[in-house]
Amino acid sequence: MSFAAGSVALVTGASRGIGRAIAVDLARHGADVAIVGRDRDALATTAGEARAARPDTRVVSIAADVADPSAVESFVAQTQKELGRIDFAIANAGQAVDGLIVRAKAADIDAMLDVNLKSAFYLVAAVTRPMMKQRAGSIVLVSSIVGIAGNAGQAAYAAAKAGLLGLAKSVAKELGSRNVRVNAVAPGLIETAMTESMPEQARAHYLATIPLGRAGNPQDVSGVVTFLCSDAARYVTGQTIVVDGGFLM
């Protein structure tokens, strides 16, 4: 599985974890990559790994706030200017602020919606026009199994991640006639910086109920994203692929 020469992928939340793995895997399979995040040093590490995966990879690193619609329009335009086009757009930026609903703070709710849902909406809106014009493209939204099943203490995060599933289906119906595909990926327990702070008791509970008997790693998710961007998935749109080792089965 490889991409056509000159293919370009734009990945948000690419500083580390799943986003970094996605950017590196897409580069390995032949795509040039624009990587977006807030941490310039971490983006530099991602860029280095992408070039190590394929030495001739063109990489554009952009430090930006994905929750700012004007910033999203700007880095989409920059990607087009520096790399020529956008074939794949992966909305991966996310953060979690946990807490019971009775203690929910308005600022935390806003942050969950801004980073996890609205940022993806802005990205999809910004890449839609160029993809429609070239009559081809693949958009992948990184959701979560909590967006499907919910999770106590994560109401705002789960609501935002659930919103991505509706966004993917709706836009898939809007853009299908232009050969632009839109899908979502819903990871389960993945070993990233975001899950490092999980209480040991909660981690043990999850691991005990995962049929494959282990937590996932970022590469388990990036492989699915790469598939969804490839021609192997050319007849797949509006779908949510769960990557959780069987937890929700």
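Select helix α4 together with the elements that cover its buried residues, which include β1 (8–12), α3 (69–83), β4 (88–91), β5 (137–142), α6 (155–175) and β6 (180–187). Keep in mind throughout the tour that this is a predicted model.

**Stop 1: along helix α4**

Now show α4 by itself, from residue 106 to residue 134, and you will have 29 residues that reach 41 Å from the first C-alpha to the last, close to the 42 Å expected at 1.5 Å a residue. Follow the helix to Asp 114, where α4 bends by about 40 degrees. Next, colour its buried residues, which are Met 112, Val 115, Asn 116, Ser 119, Ala 120, Leu 123, Val 124, Ala 126, Val 127, Thr 128, Pro 130 and Met 131. As you look at the way they are spaced, it helps to recall that an α-helix has 3.6 residues a turn, so residues three or four places apart point the same way.

**Stop 2: just past the end of α4**

Move on to Arg 135, which comes just after α4 and lies in the loop between α4 and β5. Its phi is near 55 degrees, a positive value in a residue other than glycine. This deserves a pause, because most residues other than glycine have a negative phi. With a relative accessible area of 45%, Arg 135 is partly exposed.

**Stop 3: α4 beside α6**

How do two packed helices get described? The description uses the angle between their axes and the distance between the axes. Select α4 and α6 as a pair, and you will find that their axes come within 8 Å and cross at roughly 15 degrees. An angle under 35 degrees counts as roughly parallel, and α4 and α6 are therefore roughly parallel to each other. Their crossing is right-handed. To see the contact itself, show the side chains on both helices: on α4 the residues involved include Ile 109, Met 112, Leu 113, Asn 116 and Leu 117, while on α6 they include Ala 156, Tyr 157, Ala 160, Lys 161 and Gly 163.

**Stop 4: α6 and the loop after it**

Keep α6 on the screen and hide its partner, so that you can follow its 21 residues, which reach 30 Å from the first C-alpha to the last, close to the 30 Å expected at 1.5 Å a residue. The buried residues of α6 are Tyr 157, Ala 158, Ala 160, Lys 161, Leu 164, Leu 165, Leu 167, Ala 168, Val 171, Ala 172 and Leu 175. If you bring back the surroundings, you will see these buried residues packing against α4, β5, α5 (146–149), β6 and β7 (240–243).

Then select Asn 179, which sits in the loop between α6 and β6. Here, too, phi is positive in a residue other than glycine, with a value near 65 degrees. Asn 179 counts as partly exposed, at 44% relative accessibility.

**Stop 5: α1 beside α2**

Turn next to helix α1 (residues 17–28) and helix α2 (residues 40–53), which pack at an angle of about 25 degrees with their axes 8 Å apart. That angle makes α1 roughly parallel to α2. The crossing in which α1 passes α2 is right-handed. Show Arg 20, Ala 23, Val 24, Ala 27 and Arg 28 in α1, and you will see them meet Ala 42, Thr 45, Thr 46, Glu 49, Ala 50 and Ala 53 in α2.

Before leaving α1, pick out Asp 25, which lies in this helix. Is Asp 25 buried or exposed? At 10% relative accessibility, it counts as buried. Not counting residues up to four places away in sequence, Asp 25 touches Ser 222, Gly 223 and Thr 226.

**Stop 6: helix α8**

For the last stop, select helix α8, whose 12 residues should span 16 Å at 1.5 Å a residue, and whose end C-alpha atoms are 17 Å apart, which agrees. Its buried residues are Pro 218, Val 221, Ser 222, Val 224, Val 225, Thr 226, Leu 228 and Cys 229, and what covers them includes α1, β4, β5, β6 and β7.

Zoom in on Val 224, which belongs to α8 (residues 218–229) and counts as buried at 18% relative accessibility. Leaving aside neighbours within four places in sequence, Val 224 is in contact with Val 185, Ile 241 and Val 243. Finally, draw a distance from Val 224 to Ile 241: the two are 17 residues apart in sequence and 8.0 Å apart in space, C-alpha to C-alpha.

Note on methods:
Residues numbered from 1 in each chain as written. Predicted model: local features only at pLDDT ≥ 70, side-chain atom pairs only at ≥ 80, totals over all residues. Heavy atoms only, no water. Helix = DSSP H or I, 4+ residues; strand = E, 2+ residues; numbered from the N terminus. Expected span 1.5 Å × (residues − 1). Bend = angle between axes of the 7 residues up to and from the residue. Buried < 20%, exposed > 50% of the residue type's maximum accessible area, 1.4 Å probe, protein only. Contact = heavy atoms within 4.5 Å. Axes fitted to C-alpha atoms, helices over the stretch in contact; angles between N-to-C directions. Parallel < 35°, antiparallel > 145°, perpendicular 65-115°, else oblique. Left-handed = near helix turned anticlockwise from the far one by under 90°.
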